[in-house]
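The following exercises practise the reading of a protein model together with its ligand. Please attempt each task before turning to the solution.

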Amino acid sequence: MANEHEKEAAARESLRFIQDGQVVGIGSGSTVAHFIRLLGDRVKNGLCIRGIPTSDHSGERAVSLGIPLTTLDECPEIDVTVDGADEVDPQLRLIKGGGGALLREKIVASASKQLVIIADSTKRVPVLGKFGLPVEVIKFARAVVQKKIEALGARVALRRNGDKPYLTDENNYILDCHFGEIADLDWLARQLSEMPGVVEHGLFIGMASIVLMAEGSEVFELRRGK
Ligand code: 5RP
């Protein structure tokens with residue numbers, strides 16, 4: 001429950017980055033669920049924004065709360081995106097994709113002038129990698145990519161949904177790759193990006209502008225150094 005309070009506190013704090021008239025990227029996950037609910041309240045009270053969701057689930061939730069949506073085709077430039085993270089390091093590098101939405105999340109983040117990450121204190125780590133790094137792969141390439149990632153030293157598991165492989169919104173598989181602490185994030189990101197069949201990986205490097213990190217009853221605003 002303490003975590004849930006922290007998640008809500010971080011989400012509440014992120015509302016001050018949202019202005020009338022903006023196009024707002026809407027992330028995915030349980031922390032963002034608080035953000036969507038609070039944003040819905042603001043919209044009911046007259047805030048005029050258009051949202052671009054990073055998952056079908058977030059889109060459905062937003063629509064159910066009366067938040068108007070648009071698309072990247074209509075609005076390829078997003079003013080601000082609010083999203084969660086699985087791990088955050090001191091340089092505001094992230095692991096994302098625990099909820100399986102990393103591909104659309106990274107696309108939306110890349111189209112955003114500002115990416116605001118909301119997180120509870122369990123997400124703060126000195127070095128990324130304890131959380132299994134999600135890698136989205138096309139089904140055809142699963143075995144080949146898995147072997148290559150294992151050769152880099154990771155224990156790799158195909159994400160499952162009951163007795164079937166988990167499918168992303170783009171109908172791909174996810175490999176959860178357990179590296180332990182990752183010494184060289186840039187090198188690993190390059191290796192993964194260069195593997196044919198990898199659609200996207202969950203390392204978000206140099207993307208977060210601000211992290212709102214909740215710790216107990218406080219929310220700290222962390223900004224990336226230049
Ligand atoms: C989904 C994500 C989420 O932002 C991440 O998994 C954090 O989720 P939660 O807020 O539920 O802890 O990257 O793909």
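**Exercise 1.** Determine in which pocket the ligand sits.

*Solution.* Step 1: recall the terms. On a 1 Å grid over the protein atoms alone, a pocket is an open set of points with protein on both sides within 12 Å along at least five of seven lines, whereas a cavity is a set of points where a 1.4 Å probe fits but cannot get out; lining residues have an atom within 4 Å of a point. A molecule sits in a pocket or cavity if more than half of its atoms lie within 2 Å of its grid points.
Step 2: apply them. The ligand sits in the second largest pocket.
Step 3: note the basis of the values. The model is predicted, and local features need pLDDT of at least 70, side-chain atom pairs count only at pLDDT 80 or more, and totals for chains, interfaces and linings use all residues. Residues are numbered from 1 along each chain as its sequence is written, and side-chain values use heavy atoms, with hydrogens and water left out.

**Exercise 2.** Describe the shell of residues around the ligand by its members, its classes and its helices.

*Solution.* Step 1: a residue is near the ligand if one of its heavy atoms lies within 4 Å of it. There are 18 residues around the ligand, and Ser30, Thr31, Asp86, Gly97 and Lys123 come nearest.
Step 2: sort the shell by class. Three residues are nonpolar, nine polar and six charged. Here Ala, Val, Leu, Ile, Met, Phe, Trp, Tyr, Cys and Pro count as nonpolar, Asp, Glu, Lys and Arg as charged, and the others, Gly among them, as polar.
Step 3: find the helices. Helices (H or I, at least four residues) and strands (E, at least two) are DSSP runs, numbered from the N terminus. The helices α2 (30-44) and α4 (102-110) each supply at least two residues of the shell.

**Exercise 3.** Which distances separate oxygen atoms of the ligand from polar atoms of glycine 84, aspartate 86 and lysine 96?

*Solution.* Step 1: a polar contact is a pair of N or O atoms within 3.5 Å; within protein, one must be able to donate a hydrogen and the other to accept it, and residues adjacent in sequence count only if both atoms are side-chain atoms.
Step 2: consider the side chains. An N or O atom in the side chain of aspartate 86 is 2.6 Å from a ligand oxygen, and for a polar side-chain atom of lysine 96 the distance is 2.9 Å.
Step 3: consider the backbone. A polar backbone atom of glycine 84 is 3.4 Å from an oxygen of the ligand.
Step 4: consider the cover. On its own the ligand has 370 Å² of accessible area, of which the protein covers 91%. Accessible areas come from the Shrake-Rupley method with a 1.4 Å probe; for residues, only the protein chains shown count as cover.

**Exercise 4.** Is glycine 84 buried or exposed, and where does it lie?

*Solution.* Step 1: buried means under 20% relative accessible area, exposed over 50%, and partly exposed in between (1.4 Å probe, protein chains only).
Step 2: glycine 84 counts as buried because its relative accessibility is 6%.
Step 3: glycine 84 belongs to the loop between β3 (78-83) and β4. Its C-alpha atom is 8.1 Å from that of serine 30, although the two are 54 residues apart along the chain.

**Exercise 5.** Which phi values do leucine 92 and asparagine 171 have, and are these residues buried or exposed?

*Solution.* Step 1: leucine 92 is not a glycine, yet has a positive phi of about 60°. Asparagine 171, also not a glycine, has a positive phi of about 70°.
Step 2: leucine 92 lies in the loop between β4 (87-88) and β5 (94-95). Asparagine 171 lies in the loop between β10 (164-165) and β11 (173-178).
Step 3: leucine 92 has a relative accessible area of 2% and is therefore buried. Asparagine 171 is partly exposed, because its value is 41%.
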